[in-house]
Amino acid sequence: MARYQFQVVYFEATRRCNLRCPYCMTGSNDAKKVRRSVLRELTLEEIRERILTPARRLGVHTIGWSGGEFLLRKDAPNLLRLTVNLGYQCSVLSNCKKLTRERLQKIRDVTDGRARIVVGLNAVDGENRQTRDSESDRTLQVLEDCAELGLGQHVVITIGKYNTESFEKTVEFCVAHNIAYNRSPLVPRGSGAGCFAGMGFDRNDLERHFHPALRRHPHGYVSYTPYFLSPELHARISGGVRNNTVPQNPSIGCWVGSWLTINAEGDVSVCPVLLDALSGGNVRDMPIDELVESSPFFAEITDRSALKGRCSRCRYQYTCGGCRAMAFYHTGDYMGEDPTCFFDPVDHSTVSEHEAETNRVFKKYLLVARAAGAYKPPAGCRLGGSPAPDSLVKG
């Protein structure tokens, strides 16, 4: 077993795309960048030998395929089949334009029904086109088709000033349809660089609009910050499982330290929004397990005892960790404090007014995580409550 253990590989396998979203972080709306990238895309053989096979040593259990538009790769069905044949869980992130019902059925067939479809949905109404170059109706139809075909569903909501007012409505849609979701911050990666200063959210937006909706529902407990979970509760529930100092079983707060992310050219980072900006090396130089073990980058960024500023004196230093992407893009230091966080602790004894609510909803989330295979209770740990509904587990 490798020294560092990550759970998920998120792989942007191509920068090619059939949309031109104005804030695309992969630069898929830049024709010159895409042409250069296509010449350097990892092949199926490289992906198998440099990523999928050695990733087992790192504890990876899920491969998330993305782009660009992943389904534009001609070998996409073969990559999906290979993923499940190697024993991984499988996710496909798509902009939905190519996700006809027939294609969804093919994805279900080549993965033996073990695929989850992940879609971007920044608003459930006409506001979605402002940032996604697509009407929300198409995305909603795909989600409906997935439910009928027995494919898992997940929604990613990229948050910025443009959806402060509509965010709760989008969350309520996901909750009403038992769909898991997570928030992803607008960042100055790719085409987001030109709008980040004016459209990136700030601590007031987070406190007033986004955070209240996020902390109320277990559907969204996949990843967000600030995350006011009692460190004592997580230590008991998880059995103390960590990746360096990053809590796992289940992963919470900032997911830096729980997943590895790879761009189309093979560079490895620790968060999708940090790809192209921070790299721990390239899988063409060495397989991903060797790269992670040898690069000091992964040792440093998974050590939350080295966080700075408010994050260093926070009771939730480990169970939250602050958003490493927001720290990096605002301050230039990925170990710095998260300036979008609205919590101002004096020291580690300062308890957030939201801790009790976070603890309560977290316990509900554990039922979902356990049923989905993302959480294994340690010996002697009993969870109360009823089993999660099948529809929620599938999300």
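**Helix 13, strand 6 and the sheet**

In this predicted model, the buried residues of helix 13 are Arg 324, Ala 325, Met 326, Ala 327, Phe 328 and Tyr 329. Helix 13 spans residues 324-331 and is mostly covered, with six of its eight residues buried. What do these buried residues pack against? Their partners are strand 6 and helix 8, the latter at 196-199. After helix 13 comes Gly 332, which has a positive phi, near 85°.

Strand 6, one of the partners of helix 13, is itself mostly covered: six of its six residues are buried. Side chains in a regular strand alternate between the two faces of the sheet. In strand 6, Ala 180, Asn 182 and Ser 184 point one way, while Tyr 181, Arg 183 and Pro 185 point the other way, and all are buried.

The next step is the sheet to which this strand belongs. It is an open sheet of eight strands, in the order 6-5-4-3-2-1-9-10, and its pairing is mixed. The edges are held by strand 6 (180-185) and strand 10 (268-269); each has a single partner strand, so one side of each is left without a neighbour in the sheet. Helix 7, made of residues 167-176, packs on the sheet and touches strand 5 and strand 6. The direction of helix 7 makes about 175° with that of strand 5.

Strands of a sheet pair through backbone hydrogen bonds, in either a parallel or an antiparallel way. Strand 5 and strand 6 pair in the parallel sense, over six bridges. Within this part of the sheet, Val 156 stands opposite Asn 182 in strand 6. Strand 5 (residues 152-159) also pairs with strand 4 (residues 115-120), again in the parallel sense, over five bridges. Here Arg 116 stands opposite Gly 152 in strand 5.

A further piece of packing involves two helices. Helix 10 (residues 231-238) and helix 14 (residues 355-371) pack at an angle of about 20°, and their axes are 11 Å apart. That angle makes helix 10 roughly parallel to helix 14. The crossing in which helix 10 passes helix 14 is right-handed. Which residues make the contact? Helix 10 contributes Leu 233, His 234 and Ile 237, and helix 14 contributes Asn 359, Phe 362, Lys 363 and Leu 366. By type, the residues of this contact divide into four nonpolar, two polar and one charged.

Technical notes: Residues numbered from 1 in each chain as written. Predicted model: local features only at pLDDT ≥ 70, side-chain atom pairs only at ≥ 80, totals over all residues. Heavy atoms only, no water. Pairing = 2+ DSSP bridges. Helix = DSSP H or I, 4+ residues; strand = E, 2+ residues; numbered from the N terminus. Contact = heavy atoms within 4.5 Å. Axes fitted to C-alpha atoms, helices over the stretch in contact; angles between N-to-C directions. Parallel < 35°, antiparallel > 145°, perpendicular 65-115°, else oblique. Left-handed = near helix turned anticlockwise from the far one by under 90°. Nonpolar A, V, L, I, M, F, W, Y, C, P; charged D, E, K, R; others polar. Buried < 20%, exposed > 50% of the residue type's maximum accessible area, 1.4 Å probe, protein only.
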